[in-house]
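Biologist: Please take one part of this model and look at it closely. I would like to know how it sits against its surroundings.

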Amino acid sequence: MEAAAAPAVRGLRAGCQRLCYGAGSERKWSLQSKQTSFRFYSTGMTLDNINKPAIDRIIRVDHAGEYGANRIYAGQMAVLGRTTVGPVIQQMWDQEKDHLKKFNELIVTFRVRPTILLPFWNVAGFALGAGTALLGKEGAMACTVAVEDSISEHYNNQIRTLMEEDPEKYKELLQIIKKFRDDELEHHDVGLDHGAELGEELNKIQDRDLQRHQQHLEPYPAQGLSGIPRCAVRTKGVLPWARG
């Protein structure tokens, strides 16, 4: 499959913002699912003294983003699970499952209404993961690079927001977001180290999908970015994850 897709794929490394090591260099990665356990309210954070609209928005969008990421990896594993890259995808997926588990808990803890688009992203995320995986290992890893780049940037925006408001009050929430941000950056680099490439054919497919969905769904504001991007870092177009 990879050999058949080779003529259709282009190098993504030159266009990736996080390409910071030279050609031929390789890194050995050993990803393990890490259980995240944080207690809340030990810093005095309660439902009565937080910026509830801002926290609702953060948790709703992050929950939707992690849900979509899980579905993307599920789609990739359905196609590439028995290939040599299967264990790498599985290990990244295990970490994303941990992320989603934590945000499932936060949805309840902070009494946040989940996005109404979860059923849609259930299908769309899986389709994107499986579709890019059909292009071979390079297509799947290119999608991973693009998704993780957008999500990590989104987490950084949230960290800045909480730091500006009250870093002590939101200390534990900041710990969670920072850890998950670091995990996403690791996945991003894993994708690069496993030869993330992308063909123009995939760009065209993503362009059509983006145009179709933009006709029906208004773009999510920049501060709420946590969507499925086009699988090309150079364009960073996104679909809205968590509207409603």
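Modeller: Helices and strands here are DSSP runs, of at least four residues for a helix and at least two for a strand, numbered from the N terminus. The model is a predicted one. By that count the protein has seven helices and two strands. Along the sequence the order is α-β-α-α-α-α-α-β-α. Of the 244 residues, 51% are buried. Among contacts with a separation of 6 or more, 85% join residues 24 or more positions apart.

I pick helix H2, residues 52-80. Two numbers describe a packed pair: the angle between the axes and the distance between them.

Start with H3, residues 86-109. H2 and H3 pack at about 155 degrees, and their axes are 9 Å apart. Angles over 145 degrees count as roughly antiparallel, so that is how H2 runs against H3. The crossing of this pair is left-handed. Its contact holds 14 nonpolar residues, seven polar ones and four charged ones.

Next comes H5, residues 137-165. Here the angle with H2 is about 170 degrees and the axes are 11 Å apart. H2 and H5 are therefore roughly antiparallel too. This crossing is also left-handed. On the H2 side the contact uses Ile55, Ile58, Val61, Asp62, Glu66, Ile72, Tyr73, Gln76 and Leu80. H5 answers with Lys137, Ala140, Cys143, Thr144, Val147, Glu148, His154, Tyr155, Gln158 and Leu162. By class that makes eleven nonpolar, four polar and four charged residues. The charged ones are Asp62 and Glu66 in H2, and Lys137 and Glu148 in H5.

H5 itself is mostly covered, with 21 of its 29 residues buried. Its length checks out: at 1.5 Å a residue the expected span is 42 Å, and the end C-alpha atoms are 42 Å apart.

Then there is H6, residues 171-193. H2 packs with H6 at about 30 degrees, with 13 Å between the axes. The limit for roughly parallel is under 35 degrees, which means H2 is roughly parallel to H6. The handedness of the crossing is left again. H2 brings Ile55, Ile58, Asp62, Glu66 and Tyr73 to this contact, and H6 brings Leu173, Ile177, Glu184 and His187. Five of these residues are nonpolar, one is polar and three are charged. The charged ones are Asp62, Glu66 and Glu184, and the polar one is His187. Note the overlap: Ile55, Ile58, Asp62, Glu66 and Tyr73 of H2 touch H6 and also touch H5.

H6 has 18 of its 23 residues buried, so the rest of the structure largely encloses H6. Its expected span is 33 Å and its end C-alpha atoms are 33 Å apart, so the two values agree. Just after H6, glycine 195 takes a positive phi of about 75 degrees.

One last point concerns Gln76, an H2 residue in the H5 contact. Gln76 and leucine 128 are 52 residues apart in sequence, yet their C-alpha atoms are 8.4 Å apart. Leucine 128 sits in helix H4, residues 118-133. Its relative accessibility is 9%, so leucine 128 counts as buried. The cut-off for buried is under 20%.

In short, H2 is roughly antiparallel to H3 and to H5, but roughly parallel to H6.

Technical notes:
Residues numbered from 1 in each chain as written. Predicted model: local features only at pLDDT ≥ 70, side-chain atom pairs only at ≥ 80, totals over all residues. Heavy atoms only, no water. Axes fitted to C-alpha atoms, helices over the stretch in contact; angles between N-to-C directions. Parallel < 35°, antiparallel > 145°, perpendicular 65-115°, else oblique. Left-handed = near helix turned anticlockwise from the far one by under 90°. Contact = heavy atoms within 4.5 Å. Expected span 1.5 Å × (residues − 1). Buried < 20%, exposed > 50% of the residue type's maximum accessible area, 1.4 Å probe, protein only.
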